[in-house]
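Please open the model in your viewer and keep the sequence panel at hand. The tour below proceeds by selection, stating at each stop what is to be found there.

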Amino acid sequence: MGCTGSGKTTFINCVANAGLEVGYGPQSCTSNIQTASIRLGHANITLIDTPGFDHTELPQAEILKLIATFLRKTYSGGKKLTGVIFFHRIFENRMQAGISLQTFRLFHKLCGDDAMKNVTIVTTMWDTVAPQTGEDRLRELQENYFKPACDGGACIARHHNTPESAVRILSALLRLPSKALRIQDELHEGKTIPQTDAGYEFDQQLQQKCTQQQCGVNKLKKELAEPEQSPETSARVDGSSRRGPEEGDEATGRHRQEDVERLRDDLQTLRQKLQKTEAERDKLQRDLSQRHSSHLQNILKHMMNINAQSSESPLREVVSLVALCILCCCSTTSLASLAAGWSTD
Ligand SMILES: Nc1nc2c(ncn2[C@@H]2O[C@H](COP(=O)(O)OP(=O)(O)OP(=O)(O)O)[C@@H](O)[C@H]2O)c(=O)[nH]1
Ligand SMILES: [Mg+2]
């Protein structure tokens, strides 16, 4: 697992000669779970490739659902994982690493603390950085971002994009007893995906993104309301006003005209940014609202089940009252979705 473009599929191809499609552009490549088999010593191994958590086309919720569903099925089929690999590109600067690390938090919740011993964080793309830069980044990752996972037993390994290096990483994992991931246990217990630790983490990240988008929108709106003069413009405008009459009205007029055109372009760019940010925010809010509706639907269904099974009238009354309270707390949107959900049952 890992971010898009971190080298997941390339790793599998490298060791299994599987010929799976790898990406070469900015778009995500793998959109479904795919597997490849190899034999290492006496062990038959199935390598499972997943789409990146930050897929460029598919929503993150969809990726989480895809992976969780796959893991639930393998668990029900009596198969546990021997190892889980998280891929991270060593060249990532702090900002790119930010996205990777959000992804890693989700990955950590999905695996759970108990499975950390079966986790290897594989750093890729060592050939694209100067050796010292790579070493510095690795140290920073070990001491900060991946520290909780390493303290819990996870290992960090370097992959040099060769079959030998991939075999070394897999062989180390093969020595471990297989283990169920946290999300597998949770789903087996009957939780829905949003009720799992990974689902909760995903919800938190979604809300955080929504708040950030809202701040961005507010900032852009403010900038549009009071277009700020850049220092360059101010200097030019000030310079124009200080110029003596000897430079003539024509030059001053031309400079002013240029300033006005530049400001108009800036405004146009800001408006486009605002539209894009608002669209992203609306999408996030829709996602959130849908998730909350499905949470509430689950709670209500559960309560109705209790109600149907309970023969004691005081309990039935309490359950009905709580269900009514939940309904009252719902927003209109949630109610609409709830109604839609009920009517399909
Ligand atoms: N230079 C270099 N390129 C690499 C390395 N590993 C992978 N790549 C390149 O990185 C690009 C992305 O690799 P993929 O294997 O498709 O990445 P992925 O993680 O499967 O990406 P998604 O399928 O989009 O989630 C490809 O062009 C690979 O050739 C590496 O170690 N060094
Ligand atoms: Mg891939």
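**First stop: D287**

Select D287, which counts as partly exposed because it has 18 C-beta neighbours inside 10 Å. (A residue is buried if 20 or more other C-beta atoms lie within 10 Å of its own, exposed if 12 or fewer, and partly exposed in between, with C-beta atoms placed from the backbone.) The model is a predicted one: local features need pLDDT of at least 70 and side-chain atom pairs count only at pLDDT 80 or more, while totals for chains, interfaces and linings use all residues. Residues are numbered from 1 along each chain as its sequence is written, and chains are lettered from A and ligands numbered from 1 in the order in which they are written.

D287 belongs to helix α10, residues 248–309. (Helices, H or I of at least four residues, and strands, E of at least two, are DSSP runs numbered from the N terminus.) Now add P59, A61 and L206, which D287 touches, leaving aside residues up to four places away in sequence. (Contact requires C-beta atoms, placed from the backbone, within 7 Å.) L206 is 81 residues from D287 in sequence, yet the C-alpha to C-alpha separation is 8.5 Å.

**Second stop: helix α8**

Select residues 197–225, the 29 residues of helix α8, which reaches 42 Å from first C-alpha to last. That is close to the expected 42 Å, the expected span being 1.5 Å times one less than the number of residues. Within α8, highlight A198, G199 and F202, which are buried.

**Third stop: strand β3**

Select residues 84–89. All six residues of strand β3 are buried, so the strand is largely enclosed by the rest of the structure. V84, F86 and H88 point one way, whereas I85, F87 and R89 point the other way. In a regular strand the side chains alternate between the two faces of the sheet.

Add residues 119–124, strand β4, which pairs with β3 in the parallel sense over six bridges. (Pairing requires at least two DSSP bridges between the strands.) R89 has T124 as its bridge partner in β4.

**Fourth stop: the core around F86**

Which residues have the most contacts inside the largest nonpolar core? They are F86, V119 and L181, in a core of 40 residues. (Such a core is a set of buried Ala, Val, Leu, Ile, Met, Phe, Trp, Tyr and Cys residues joined through C-beta atoms within 7 Å.) Elements giving two or more residues to this core include β3, β4 and α8. Finish on F86, whose contacts include M1, F104, V119 and I121.

Key:
Contact = placed C-beta atoms within 7 Å.
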